[in-house]
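Subject: Structure for you to look at

Dear colleague,

I am passing on the structure we spoke about, with the sequence alongside. Please open it before reading on, as my notes are meant to be followed with the coordinates on screen.

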Amino acid sequence: VIVKPGKVTVALMAVGLFTCFGYTVVAQQPTPTQPSVEPTPIQPGVQPTPMQPGVQPTPIQPGVQPTPIQPGVQPTPMQPGVEPTPIQPGVEPTPIQPGVQPTPMQPGVQPTPMQPGVQPTPMQQNPNRVSSADRRFMIKAAQAGIAEVTLGQLAADRAVSTDVKNYGQQMVAQHTQANNQLIQIAAQKGVTLPTTTDAQHKAVRAKLGQIPGRRFDRTYIANMVKDHAKVLALFQREAAQGQDEEVKAFAAKVAPTIQEHLNMARQLASS
């Protein structure tokens, strides 16, 4: 095609050359335009991850959506030379509970692998541990035994009647023996026994200390009848319904002695 505007002659050739005023110019082909691609938007205040020298980025797989980054959550940094655990096909990862920090792995320590079909060893229970009912019996029996020894000592010192004095001395000896047996069993079972009696028996002890003469004898024996009736029922119930064999055997062994004390107190009260 020859165009002659005035004195300038331009010749456009098929190979892309044209001459203008004696100069030869090579026509450059324009860079082809890519289809419209939207760049990834940069989030305000977020610094892009720097590229490490010699490290190739992970290629994006077709049809796979990347895991979204949660606001305020920092990704776990990769340790140099440590390969991440591969995801097994068909295995769902354990979800992370909100607010729960995972146990950190100690460097150089490998977790114990779980053997297929092997159940973990169950926690062994303490064979000497007693039930709450047996524990309550032991505590009540200890408090009652201490009370009988304390009141028996008072009767041996202050009673007017020789029979009442002898009864008080017998209470001290036999209940001290039973108390010592209970202390040994409690030590084996891990039960802490009281070292003093309860508030009710302390009040009885204070009241008896202010009563003189034969009135003391009558009041003391009346309390022995009432106390031994309650304690006998306590020991008989434990002997029949207790769960620990040693505690049950102790209650069954001491119950006849308590019955004997009750019979003696009733006889003294009627004389």
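What follows is an account of two helices, the aromatic pairs and one histidine.

Please keep in mind throughout that this is a predicted model.

I begin with helix α5, which covers residues 245-270. Its 26 residues should span 38 Å at 1.5 Å a residue, and because the end C-alpha atoms are 38 Å apart, the expected and the computed lengths agree. The helix nevertheless bends by about 30° at alanine 255, and proline 256 follows within four residues of that position. At the N-terminal end, aspartate 244 acts as a cap, with a side-chain oxygen 3.0 Å from the backbone nitrogen of glutamate 246. The buried residues of α5 are Val247, Phe250, Ala251, Val254, Ala255, Ile258, His261, Leu262 and Ala265, so that alanine 255, where the bend is placed, is itself among the buried positions. An α-helix has 3.6 residues a turn, so residues three or four places apart point the same way. The cover over the buried residues of α5 includes α1 (132-158), α2 (162-189) and α4 (213-241).

Helix α2 can be described in the same terms. It has 28 residues and reaches 41 Å from its first C-alpha to its last, which is close to the 40 Å expected at 1.5 Å a residue. Before its start, a side-chain oxygen of serine 161 reaches to within 3.2 Å of the backbone nitrogen of aspartate 163, and after the helix comes glycine 190, whose phi is positive, near 75°. Among the buried residues of α2 are Tyr167, Met171, His175, Asn179 and Lys189, and the buried residues of this helix pack against α1, α4 and α5.

Turning to the aromatic residues, the structure holds 4 aromatic pairs. In one of them, the rings of phenylalanine 216 and tyrosine 220 have centres 6.1 Å apart and planes at 5°, so the pair counts as stacked. Both residues belong to helix α4 and are 4 residues apart, about one turn of the helix. Phenylalanine 216 is buried, with a relative accessible area of 0%, and tyrosine 220, at 0% relative accessibility, is buried too. A second pair is formed by phenylalanine 235 and phenylalanine 250, whose ring centres lie 5.9 Å apart with the planes at 50°, so this pair is tilted. It links distant parts of the chain, since phenylalanine 235 is in helix α4 and phenylalanine 250 in helix α5, 15 residues apart. Phenylalanine 235 counts as buried at 5% relative accessibility, as does phenylalanine 250 at 6%. Ring pairs also join Phe137, Phe235 and Phe250 into a cluster. Arginine 158, for its part, lies over the face of phenylalanine 216, at 5.5 Å from the ring centre.

Finally, where does histidine 201 sit, and what does its side chain meet? Histidine 201 is found in helix α3 (residues 199-208), and its relative accessible area of 12% is under the 20% cut-off, so this residue counts as buried. The side chains of histidine 201 and aspartate 227 are joined by a polar contact of 3.2 Å. Leaving aside neighbours within four places in sequence, histidine 201 is in contact with Ala147 and Asp227.

With best wishes

Methods
Residues are numbered from 1 along each chain as its sequence is written. This is a predicted model: local features need pLDDT of at least 70, side-chain atom pairs count only at pLDDT 80 or more; totals for chains, interfaces and linings use all residues. Side-chain values use heavy atoms; hydrogens and water are left out. Helices (H or I, at least four residues) and strands (E, at least two) are DSSP runs, numbered from the N terminus. The expected span of a helix is 1.5 Å times one less than its number of residues. The bend at a residue is the angle between axes fitted to the seven residues ending there and the seven starting there. Buried means under 20% relative accessible area, exposed over 50%, partly exposed in between (1.4 Å probe, protein chains only). Contact means heavy atoms within 4.5 Å. A polar contact is a pair of N or O atoms within 3.5 Å; within protein, one must be able to donate a hydrogen and the other to accept it, and residues adjacent in sequence count only if both atoms are side-chain atoms. Rings of Phe, Tyr and Trp (its six-membered ring) pair if their centres lie within 6.5 Å; planes under 30 degrees apart count as stacked, over 60 as edge-to-face and the rest as tilted. A charge sits over a ring if NZ of Lys or CZ of Arg is within 6 Å of the ring centre and within 35 degrees of the ring normal.
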